[in-house]
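Open the model in your viewer and keep the sequence panel beside it. The stops below say what to select and what is there.

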Amino acid sequence: MLRLQHVIGLPVVEMSSGKQVGHVKDAWFDEHWQLGGIILDAGRRFLTAMKAVLWSEVLVCGADTVIIMNTDSVRKTKQAEIQRSFQTGMIRLKDLPVVTTDGEQLGRVSDVYFDQLQGTQIVGYELTDGFIADIMEGRKWLPAPHLADEVMLGEDVIIVPAGSEAYLTPVAVSESDIGRNER
């Protein structure tokens with residue numbers, strides 16, 4: 001499985017020349033919350049535009065590097081075109097509350113997991129109840145419901161089926177996660 005927080009901060013390299021074109025700053029999603037692509041750090045030159053790569057043009061998303069075919073894969077995108085992202089868009093997946101249809105809040109999204117073979121389908125959510133709870137109890141992992149229409153990924157909340165709390169499992173935060181995304 002691929003953790004989105006591990007992808008953020010990785011260098012992005014083009015396969016044809018081995019040139020680094022930036023670092024992953026964020027990931028953006030379509031209206032169905034399917035992974036659409038990655039957003040690159042644009043530096044100070046692009047104040048109104050962003051650099052983005054479609055997920056279909058990512059050749060490899062490895063443990064240490066993201067590899068794309070060539071610089072043609074990198075496109076300038078206006079911020080208004082990216083509505084949903086993990087942490088920087090108008091609608092952010094990070095920190096969205098996850099509640100059941102019974103109204104029980106299970107936590108807030110701290111990370112999402114993807115199947116490396118498919119790459120676009122969210123297969124689970126890492127949930128947090130806050131810093132103190134993370135230290136005392138740890139974070140929780142909630143597998144995504146198998147049927148897409150069983151979960152509602154809204155603008156302000158994620159609604160999962162009643163009884164989903166039974167599927168929560170503990171997640172151990174490793175030391176390698178500490179400070180990983182601070183660039």
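Contact here means heavy atoms within 4.5 Å. The model is a predicted one.

**Stop 1: Asp26**

Select Asp26, which sits in strand 3 (residues 20-29). Show its surroundings, without the neighbours within four places in sequence: Asp26 is in contact with Ile8, Ile38, Ile39, Ser85, Phe86, Gln87, Thr88 and Gly89. Which side chain makes a polar contact with the side chain of Asp26? That of Ser85 does, at 3.1 Å. Asp26 is buried but has no salt bridge. Arg92 carries the nearest side chain of opposite charge, and this lies 6.8 Å away.

**Stop 2: strands 3 and 4**

Now select strand 3 and strand 4 together. The two strands run antiparallel and are joined by 5 bridges. Phe29 of strand 3 stands opposite Leu35 in strand 4. Between the strands of this hairpin are 5 residues, and Trp33 takes a positive phi near 60 degrees. Colour strand 4 (residues 35-40) by accessibility: 6 of its 6 residues are buried, so the strand is largely enclosed by the rest of the structure.

**Stop 3: the aromatic pairs**

Show the rings next. The count of aromatic pairs comes to 2. One of them joins Phe29 and Phe114, which are stacked with 6.4 Å centre to centre and 20 degrees between the planes. This pair links distant parts of the chain, with Phe29 in strand 3 and Phe114 in strand 12 (residues 105-114), 85 residues apart. Are these two residues buried or exposed? Both Phe29 and Phe114 are buried.

Move to Tyr113 and Trp141. Their ring centres are 6.0 Å apart and their planes stand at 90 degrees, so this pair is edge-to-face. Here too distant parts of the chain are linked: Tyr113 belongs to strand 12 and Trp141 to strand 14 (residues 139-143), 28 residues apart. Tyr113 is buried, with a relative accessible area of 9%. Trp141 has 19% relative accessibility and counts as buried, because the cut-off for that term is under 20%.

**Stop 4: Ser110**

Stay on strand 12 and select Ser110. Its relative accessible area is 4%, so Ser110 is buried. Leaving out residues up to four places away in sequence, Ser110 touches Gln5, Phe86, Lys94, Glu126, Leu127, Thr128 and Arg139. Phe86 is also among the contacts of Asp26. Keep Glu126 and Arg139 on display for the next stop.

**Stop 5: the salt bridges**

How many salt bridges does a search of the whole structure find? The search finds 6. Begin with Glu126 and Arg3, whose side chains meet in a salt bridge at 3.5 Å, N to O. This pair links distant parts of the chain: Glu126 in strand 13 (residues 122-128) and Arg3 in strand 1 (residues 2-3), 123 residues apart. Glu126 is buried with a relative accessible area of 1%, and Arg3 is buried with 16%.

Add Arg139. The side chains of Arg139 and Glu126 meet in a salt bridge of 3.0 Å, N to O. Arg139 is in strand 14 and Glu126 in strand 13, so the pair ties together parts 13 residues apart in sequence. Arg139 is partly exposed, with a relative accessible area of 22%.

Then pick Asp129 and Lys140, a salt bridge in which the closest N and O atoms are 2.7 Å apart. Asp129 lies in the loop between strand 13 and helix 2 (131-136), and Lys140 in strand 14, so this pair ties together parts 11 residues apart in sequence. Asp129 is partly exposed, with a relative accessible area of 45%, whereas Lys140 counts as buried at 19% relative accessibility. To see the network, select Arg3, Asp111, Glu126, Asp134 and Arg139, which are joined into one by salt bridges that share partners.

**Stop 6: Thr100**

Finish at Thr100 in strand 11 (residues 97-100). Thr100 is buried, with a relative accessible area of 3%. Draw a line from its C-alpha to that of Ile159: the two residues are 59 residues apart in sequence and 5.4 Å apart in space. Without the neighbours within four places in sequence, the contacts of Thr100 are Leu106, Ile159, Val160, Pro161, Ala162 and Glu165.

Notes:
Residues are numbered from 1 along each chain as its sequence is written. This is a predicted model: local features need pLDDT of at least 70, side-chain atom pairs count only at pLDDT 80 or more; totals for chains, interfaces and linings use all residues. Side-chain values use heavy atoms; hydrogens and water are left out. Helices (H or I, at least four residues) and strands (E, at least two) are DSSP runs, numbered from the N terminus. Buried means under 20% relative accessible area, exposed over 50%, partly exposed in between (1.4 Å probe, protein chains only). Lys and Arg count as positive and Asp and Glu as negative; His and the chain ends are not counted. A salt bridge is a side-chain nitrogen of Lys or Arg within 4 Å of a carboxyl oxygen of Asp or Glu. A polar contact is a pair of N or O atoms within 3.5 Å; within protein, one must be able to donate a hydrogen and the other to accept it, and residues adjacent in sequence count only if both atoms are side-chain atoms. Two strands pair if DSSP finds at least two bridges between them. Rings of Phe, Tyr and Trp (its six-membered ring) pair if their centres lie within 6.5 Å; planes under 30 degrees apart count as stacked, over 60 as edge-to-face and the rest as tilted.
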